[in-house]
Amino acid sequence: MEITDTPIAGTQQVRVTADGSKASILIDGTDYSRVVSGYTIHQQAGKAADLVIQFAQGRTSPDFDGHARVAVGVPYEPGPAAAHFLSAIDAGLLEKAALARPDMEGAPHGFIKAVLAQLQQWARGEFDQAQEMN
């Protein structure tokens with residue numbers, strides 16, 4: 001999930017009560033329960049809590065009553081990051097790396113599976129095969 005880049009303006013009074021299946025969320029006395037489908041509370045000792053509310057499906061957490069900095073969460077969209085990653089790929093290097101994979105199959109779609117496996121490996125930061133080919 002990404003957090004909106006709206007500056008956090010300080011703390012607000014937050015009251016969260018959960019019964020296991022539903023939660024009630026009051027921020028400065030206003031009930032947001034009907035528009036919030038999930039939230040996360042994080043707090044370090046001696047610091048104000050951080051409450052992230054989500055307008056998408058999420059999980060609830062235990063009751064909380066106190067002050068928190070509040071940010072609105074938006075569902076993470078991997079498309080832009082994937083497009084940026086793919087735009088940096090050298091097609092020739094990808095083809096060589098996929099063809100050299102020991103797990104490449106001769107079965108239908110074997111080459112495509114090898115290309116996807118190679119891209120996943122590179123996305124995880126595993127560049128061993130790519131470095132060997134340079």
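I take a patch to be made of residues with over 30% relative accessible area and no salt bridge, like charges being joined within 9 Å and nonpolar side chains (Val, Leu, Ile, Met, Phe, Trp, Tyr) within 5 Å; a salt bridge is a side-chain nitrogen of Lys or Arg within 4 Å of a carboxyl oxygen of Asp or Glu. The model is predicted, with local features needing pLDDT of at least 70 and side-chain atom pairs counting only at pLDDT 80 or more, while totals for chains, interfaces and linings use all residues. I number residues from 1 along each chain as its sequence is written, and side-chain values use heavy atoms, without hydrogens and water.

**Surface patch.** I found a nonpolar patch on the surface formed by Leu99, Met104, Phe111, Ile112 and Leu116, together offering about 430 Å² of accessible area (Shrake-Rupley method, 1.4 Å probe). Its largest share, three residues, comes from H3 (helices are DSSP runs of H or I, at least four residues, numbered from the N terminus). I looked up Phe111, which sits in helix H3 and is partly exposed at 33% relative accessibility (buried is under 20%, exposed over 50%, partly exposed in between).

**Helix H2.** In H2, residues 91–99, I noted Leu94, Ala97 and Ala98 as buried; they lie on the same side of H2 because they cover an arc of only 95 degrees around the axis, taken from the directions from the helix axis to the C-beta atoms. Asp90 caps the N-terminal end of H2, with a side-chain oxygen 2.9 Å from the backbone nitrogen of Gly92.

**Arg101.** I located Arg101 in the loop between H2 and helix H3 (110–123), and Arg101 is buried at 12% relative accessible area. The C-alpha atoms of Arg101 and Gln118 are 8.0 Å apart, although 17 residues separate them along the chain.

Conventions:
Buried means under 20% relative accessible area, exposed over 50%, partly exposed in between (1.4 Å probe, protein chains only). Helices (H or I, at least four residues) and strands (E, at least two) are DSSP runs, numbered from the N terminus. A polar contact is a pair of N or O atoms within 3.5 Å; within protein, one must be able to donate a hydrogen and the other to accept it, and residues adjacent in sequence count only if both atoms are side-chain atoms.
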